[in-house]
Amino acid sequence: MKEDNCLHAALICLGMLYYSHAITTEKLNHVRPSLHGHHEKGKEGQVLHRSKRGWVWNQFFVIEEYTGPDPVLVGRLHSDIDSGDGNIKYILSGEGAGIIFVIDDKSGNIHATKTLDREERAQYTLTAQAVDRNTNRPLEPPSEFIVKVQDINDNPPEFLHENYHANVPERSNVGTSVIQVTASDADDPTYGNSAKLVYSILEGQPYFSVEAQTGIIRTALPNMDREAKEEYHVVIQAKDMGGHMGGLSGTTKVTITLTDVNDNPPKFPQSVYQMSVSEAAVPGEEVGRVKAKDPDIGENGLVAYSIIDGDGMDMFEITTDYETQEGVVKLKKVLDFETKKSYSLKVEAANVHIDPKFISNGPFKDTVTVKITVEDADEPPVFLKPSYIFEVQENAASGTVVGKVHAKDPDAANSAIRYSIDRHTDLERYFTINADDGNIKTIKALDREEIAWHNISVFAVEVHKQHQEAKVPVAIKVVDVNDNAPKFAAAYEAFVCENARSNQQFITISADDKDDSANGPRFIFSLPPEIIHNPNFTLRDNRDNTASVLVRREGFSRQKQDLYLLPIVISDGGLPPMSSTNTLTIRVCGCDSNGSLLSCNAEAYILNAGLSTGALIAILACIVILLVIVVLFVTLKRQKKEPLIVFEEEDVRENIITYDDEGGGEEDTEAFDIATLQNPDGINGFIPRKDIKPEYQYMPRPGLRPAPNSVDVDDFINTRIQEADNDPTAPPYDSIQIYGYEGRGSVAGSLSSLESATTDSDLDYDYLQNWGPRFKKLADLYGSKDTFDDDS
């Protein structure tokens, strides 16, 4: 702090000295007479003498950042005509006049009232004027001058960036350019050394250096290794005043990263790798991994693996996992512990990209030995063949040997094997297998014509390890035996014309044999020996498995014989051959002159004028059946009973009256009280209904009084109907009446109408017509007796 104060005082002294020198120089160099003295003749010939005057200013200087107690004297305006009596007034105008710069209008002294900063403004342009104080008359022409702000070193250097980042390859030569840093100084570069910068390195030695004048950073040590140290932090300083004492300075940080080059070969951390794999592993399964370490990064650290030697080159392969930079050893073929128990591989790891600059460092690859042990696995039995094909003759006796399958345990234990047939493949149980030796035999006879091939599956299971099993397909071919005689290929029916000519062919026949082709064609056709001289027809073997039937004589008659049966013997070509006799039906038909078929009916000549006997019988049978139907219908019609009441648009709300028995006469008191009908005059008041339970007591309506003795039954019933219709306790439908007791001693007899249709009755029901419209249906049913009898 004391040194800074001393430095500041020295700068102020230097500034004052410089200012005094500037004022003196200004007066000597820039104040010059504006009007030179000379002799001039007057009117009377007198010579006049004029004095010299000076009034020209070019520039003044003032030091920036002055912080003294008094305003800084910039300069003084003075005119030669100023005699010092105060009659001249000095006026200052222009940039900063009255604010920054003030003038004493009597003496002409100019002062700066504020601290000036050259970096904000380097100069000011002002105008000076001298006028008469009393009249303001200009005494000198206006004069323009400049006030320059004199620079001092008050700004330190500043770098363009606070932090720099740069990269340089490792192993670079000494002096390799890394980056250039640049600083700037706001001071005046044209005055002194305030803006003259010098660069130096404060941190980062001895690895890097910087050029003092340019700011270029360069490497300073050879063979810098990224793997040893990757990042460096360097501090660069820029100092003004040419780097001399008293100058100001600024710093910046530079982060320098060494980029990788392929200067390291891959190396395996160990010389031998031990791995193991089960013999049950499938090809493509991973066995293990190896990894060579390469300290380089990026593409310089990429490593490719390969198998270059060993007895397991054919059994194993290696691939590269570029994400982990590992070599993946995989199984290439199926292993067998019983055949070979271990393998050895020689694996090489090499860089993918090699830098020629560092090829002298040695080979960029390394090798390692990989030993792989095969582990024994509990394997299922193995059949000697992937599939079996056997043959057996059809119709072979039960127990015939078809063939033998064989499996073994590949494990060292060599367990015993048991065999069985998958019954899902032999549902009919044609075959059986010996569980110990694998012999397959038939259980029942086989028919090739039914099933020509049998495809079964055989299981082999270890005796002591039931979960270890194997399965093999077995195809059994049923060999054909000539056990089927040939037959007609179709159900032939031949037609021969009555006017057929001799040796005329009328049909060609062929044969079919269910046996194999070896036991079938060629077919031989012939007539039986007993009819070989048949007078009507003959046979010709065409020797192409067909035969032609020909007419032997001319002229056939349907009236004499309309049907012929011709036996034909067919033999096959098997060993021994088989034959069968087939009958050909030949019908005689009528044909036109061109041989076209007209009719094959033999009765056409006999009943050509009327119907045949069969047709007449059929017609008579139909007539008899119709008559029987009519008789049955009439009989049933007579026995049909008409209902007592015909319901028109029957209301389903009406209850069904069920009569469990006939009901009684006068003594039946459990049913409806019939006494009311017998003596309507004996009713006194309201009689409650017996078929429902009223919710409240129903009072008889006024005006519905009991009828007098003279009232007949019709009026009484109408009255009761009206009461029932207006009774709120009555249901809106007729109630059910069940007569569960018949009673004894009924004078009138049974009231049932079940036998009324079958018994003769002398009762007259005509009085029902007088009972009103409500009894109309009863009157129609029982009052029309004659009509009913006629209908029945």
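In this predicted model, four strands form an open sheet in the order 13-20-19-16, and their pairing is mixed. Strand 13 (163-169) and strand 16 (198-203) are the edge strands, each pairing on one side only. On average, neighbouring strands of this sheet are turned by 30 degrees against each other, direction ignored. Within the sheet, strand 19 (residues 231-239) and strand 20 (residues 249-259) pair in the antiparallel sense, over 9 bridges. One position in this pairing is His 233, which stands opposite Thr 255 in strand 20.

**A second sheet**

Another open sheet consists of 3 strands in the order 22-25-24, with antiparallel pairing. Its edges are strand 22 (286-290) and strand 24 (316-321), and each of these pairs on one side only. From one strand to the next, the twist averages 25 degrees. Strand 24 pairs with strand 25 (residues 326-331) in the antiparallel sense over 6 bridges. Here Ile 318 has Val 329, in strand 25, as its bridge partner.

**Three residues and their accessibility**

The table lists three residues from other parts of the chain.

| Residue | Place | Relative accessibility |
|---|---|---|
| Ser 457 | strand 35 (residues 453-462) | 12%, buried |
| Phe 523 | loop between strand 39 (505-512) and strand 40 (524-526) | 4%, buried |
| Ile 619 | helix 2 (residues 613-639) | 43%, partly exposed |

Is Ser 457 buried or exposed? Ser 457 counts as buried because its relative accessibility is 12%, and the cut-off for buried is under 20%. This serine lies in strand 35. Leaving aside neighbours within four places in sequence, Ser 457 is in contact with Ser 420, Ile 421, Asp 422 and Thr 425, and also with Lys 471 and Val 472.

Phe 523 is placed in a loop, between strand 39 and strand 40. With a relative accessibility of 4%, Phe 523 therefore counts as buried. Which residues does Phe 523 touch, not counting those up to four places away in sequence? They are Pro 486, Ala 511, Asp 512, Asp 513, Asp 541, Asn 545, Ile 570, Ser 571 and Asp 572. Gly 574 is 51 residues from Phe 523 in sequence, and the C-alpha atoms of the two are 9.7 Å apart in space.

Ile 619 belongs to helix 2. Its relative accessibility of 43% is the reason why Ile 619 counts as partly exposed, since that class lies between the limits of 20% and 50%. Ile 619 is also one of the residues of a nonpolar patch on the surface, together with Leu 616, Leu 620, Ile 623 and Leu 627. The accessible area of this patch is about 480 Å² together.

**The chain as a whole**

The chain has 792 residues, of which 32% count as buried. Its secondary structure comprises 6 helices and 45 strands. Among the contacts between residues at least 6 apart in sequence, 67% join residues at least 24 apart. The accessible surface of the chain comes to about 49000 Å², and 52% of that surface belongs to carbon and sulfur atoms.

Key
Residues are numbered from 1 along each chain as its sequence is written. This is a predicted model: local features need pLDDT of at least 70, side-chain atom pairs count only at pLDDT 80 or more; totals for chains, interfaces and linings use all residues. Side-chain values use heavy atoms; hydrogens and water are left out. Two strands pair if DSSP finds at least two bridges between them. Helices (H or I, at least four residues) and strands (E, at least two) are DSSP runs, numbered from the N terminus. Axes are lines fitted to C-alpha atoms, for helices over the stretch in contact, and angles run from 0 to 180 degrees between N-to-C directions. Buried means under 20% relative accessible area, exposed over 50%, partly exposed in between (1.4 Å probe, protein chains only). Contact means heavy atoms within 4.5 Å. Patches are made of residues with over 30% relative accessible area and no salt bridge: like charges are joined within 9 Å, nonpolar side chains (Val, Leu, Ile, Met, Phe, Trp, Tyr) within 5 Å. Accessible areas come from the Shrake-Rupley method with a 1.4 Å probe; for residues, only the protein chains shown count as cover. A salt bridge is a side-chain nitrogen of Lys or Arg within 4 Å of a carboxyl oxygen of Asp or Glu.
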